[in-house]
Amino acid sequence: MNNSYPEKPEVPFKKVHIEMGVIIAAIKAANYPIEVKRSAYVIARNETSNGKSVINGTNICGGQGDSGRWPSKFDDKIIATCIKRENKRVDGSGGDIRRFLVFDKLMNGVIFLCDRVEAKGI
């Protein structure tokens with residue numbers, strides 16, 4: 001499996017439940033346009049099953065560490081990676097073993113998501 005962050009430790013995957021109110025408060029506190037925040041909210045809800053499955057308590061968007069490096073401004077915010085089998089989709093695709101990012105704190109996971117949403121042109 002590819003590892004785009006070989007200098008970071010690999011830690012065990014943990015599924016962490018975070019109340020949506022906590023995630024919403026972090027999104028509201030992020031310094032991004034309201035349209036970006038709204039999109040981030042929808043993505044976070046979908047990717048975490050409404051906060052029930054946050055990757056290691058910090059990755060709310062399913063950001064992966066096996067498909068190339070992300071912008072260098074996140075290098076010090078990404079503190080580790082973990083490995084998990086992807087969820088299967090309704091059409092039966094997916095289920096591959098993937099490497100996911102672990103951030104130093106939830107807020108930096110939120111900022112990462114908002115940054116990536118904004119980079120897509122929203």
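A nonpolar core is a set of buried Ala, Val, Leu, Ile, Met, Phe, Trp, Tyr and Cys residues that are joined through side-chain atoms within 4.5 Å. With that in mind, we can begin inside the structure shown above, which is a predicted model.

The largest nonpolar core of this model has 24 residues, and those with the most contacts inside it are Ile-23, Ile-60, Val-110, Leu-113 and Cys-114. Two or more residues are given to this core by each of helix H1 (20-29), helix H2 (34-47), strand E4 (97-103) and helix H3 (106-119), and the largest share, 6 residues, comes from H3. If we leave aside residues up to four places away in sequence, Cys-114 touches Ala-30, Tyr-32, Val-36 and Ala-40. Apart from the largest core lies another core, of 5 residues, with Ile-55, Ala-80, Phe-100 and Val-102 among them.

We can turn next to the way in which two of the helices meet. Two packed helices are described by the angle between their axes and by the distance between the axes. For H2 and H3, the angle is about 115° and the axes are 9 Å apart, while the crossing in which H2 passes H3 is right-handed. On the side of H2 the contact is made by Val-36, Ser-39, Ala-40, Ile-43 and Ala-44, and on the side of H3 by Leu-113, Cys-114, Val-117 and Glu-118. Sorted by class, the residues of this contact are 7 nonpolar, 1 polar and 1 charged.

From the helices we move to a loop, the one between strand E2 (54-55) and strand E3 (78-85), where Asn-59 has its place. Is Asn-59 buried or exposed? Asn-59 counts as buried because its relative accessibility is 1%, and the cut-off for buried is under 20% relative accessible area. The side chain of Asn-59 reaches the backbone nitrogen of Cys-61 at 3.2 Å. Not counting residues up to four places away in sequence, Asn-59 also touches Val-54, Phe-100, Leu-101 and Phe-103.

Gly-62 is likewise found in the loop between E2 and E3, and with a relative accessible area of 17% Gly-62 is buried. When residues up to four places away in sequence are not counted, Gly-62 touches Glu-47, Ile-55 and Phe-100; of these, Ile-55 and Phe-100 are among the residues of the core of 5 residues. Finally, Gly-62 and Gly-92 are 30 residues apart in sequence, and from C-alpha to C-alpha they are 19 Å apart in space.

Key. Residues are numbered from 1 along each chain as its sequence is written. This is a predicted model: local features need pLDDT of at least 70, side-chain atom pairs count only at pLDDT 80 or more; totals for chains, interfaces and linings use all residues. Side-chain values use heavy atoms; hydrogens and water are left out. Buried means under 20% relative accessible area, exposed over 50%, partly exposed in between (1.4 Å probe, protein chains only). Helices (H or I, at least four residues) and strands (E, at least two) are DSSP runs, numbered from the N terminus. Contact means heavy atoms within 4.5 Å. A polar contact is a pair of N or O atoms within 3.5 Å; within protein, one must be able to donate a hydrogen and the other to accept it, and residues adjacent in sequence count only if both atoms are side-chain atoms. Axes are lines fitted to C-alpha atoms, for helices over the stretch in contact, and angles run from 0 to 180 degrees between N-to-C directions. A crossing is left-handed if the near helix is turned anticlockwise from the far one by less than a right angle, and right-handed if clockwise. Ala, Val, Leu, Ile, Met, Phe, Trp, Tyr, Cys and Pro count as nonpolar, Asp, Glu, Lys and Arg as charged, and the others, Gly among them, as polar.
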